Amino acid sequence: MGEAMPDFRTSAARLLVLACAAASLSACASTSSKYPSLAVREAERMTGSAAPAEPDVTAPVTPPAPPADLPGRLAAIEKAAYASHETFLAREATARARARSASGAALGTLAWSDAEVALSSLESARSDTMFALADLDSLLALGAVSEADTGTPAGLPEIIALREKVEGLIAAEDAVLSSLRGL
């Protein structure tokens with residue numbers, strides 16, 4: 001069958017592998033004390049003239065205080081909320097009429113487009129009411145932090161009362177939009 005391949009299972013091959021392994025392991029068992037030092041060598045030392053960086057010290061952040069004229073600010077927010085709600089109510093009749101006429105109309109038709117524009121106009125008025133709610137949320141957060149720091153209510157009852165009114169306006173607007181989307 002031709003030349004036989006050397007078989008590592010033969011005793012001569014085993015003996016050779018064991019001799020190599022023993023020689024390799026004997027180097028690890030050396031008792032010599034001439035190992036290289038692990039100390040930093042001169043070439044490995046860092047040199048330079050830069051000054052060390054100063055630690056970054058930031059002053060604690062103090063939140064702004066609630067507005068000094070809180071009643072005036074609340075009155076302005078209430079006026080803006082009711083004005084945007086009145087705008088919403090004024091646009092509702094047009095949006096309702098256009099939504100009814102587009103009921104069953106195919107997407108992309110003129111009636112459908114008119115209804116979408118009217119509903120977008122209503123949503124725009126609703127977003128203006130939401131701005132008032134966002135202003136109240138900001139004042140509520142400032143007032144709560146101020147109360148936690150000083151122990152005085154900082155107008156929280158008035159802010160909460162107006163916030164509940166504005167939430168009621170938004171809930172009414174949401175109901176109208178939901179009913180019109182269902183037509």
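The following exchange concerns Leu74 and the helix that holds it in a predicted model.

Guide: Since this is a predicted model, local features need pLDDT of at least 70 and side-chain atom pairs count only at pLDDT 80 or more, whereas totals for chains, interfaces and linings use all residues. Residues are numbered from 1 along each chain as its sequence is written, and side-chain values use heavy atoms, with hydrogens and water left out.

Visitor: Why is Leu74 called buried?

Guide: Buried means under 20% relative accessible area, with exposed being over 50% and partly exposed in between, for a 1.4 Å probe and protein chains only; Leu74 has 10% relative accessibility, and therefore counts as buried.

Visitor: Which residues is Leu74 in contact with, leaving aside its neighbours within four places in sequence?

Guide: With contact meaning heavy atoms within 4.5 Å, Leu74 is in contact with Leu136, Leu139, Glu158, Ile159 and Leu162.

Visitor: What makes α2 roughly parallel to α4?

Guide: Leu74 lies in α2, residues 70-102, and α4 covers residues 156-181; such helices are DSSP runs (H or I, at least four residues), numbered from the N terminus. The two pack at an angle of about 10 degrees, with their axes 11 Å apart, where axes are lines fitted to C-alpha atoms over the stretch in contact and angles run from 0 to 180 degrees between N-to-C directions. Angles under 35 degrees count as roughly parallel, and so α2 is roughly parallel to α4.

Visitor: How many helices and strands are there in the protein chain?

Guide: The protein chain has four helices and zero strands, and buried residues make up 21% of its 183 residues.

Conventions
Angles under 35 degrees count as roughly parallel, over 145 as roughly antiparallel, 65 to 115 as roughly perpendicular and the rest as oblique.
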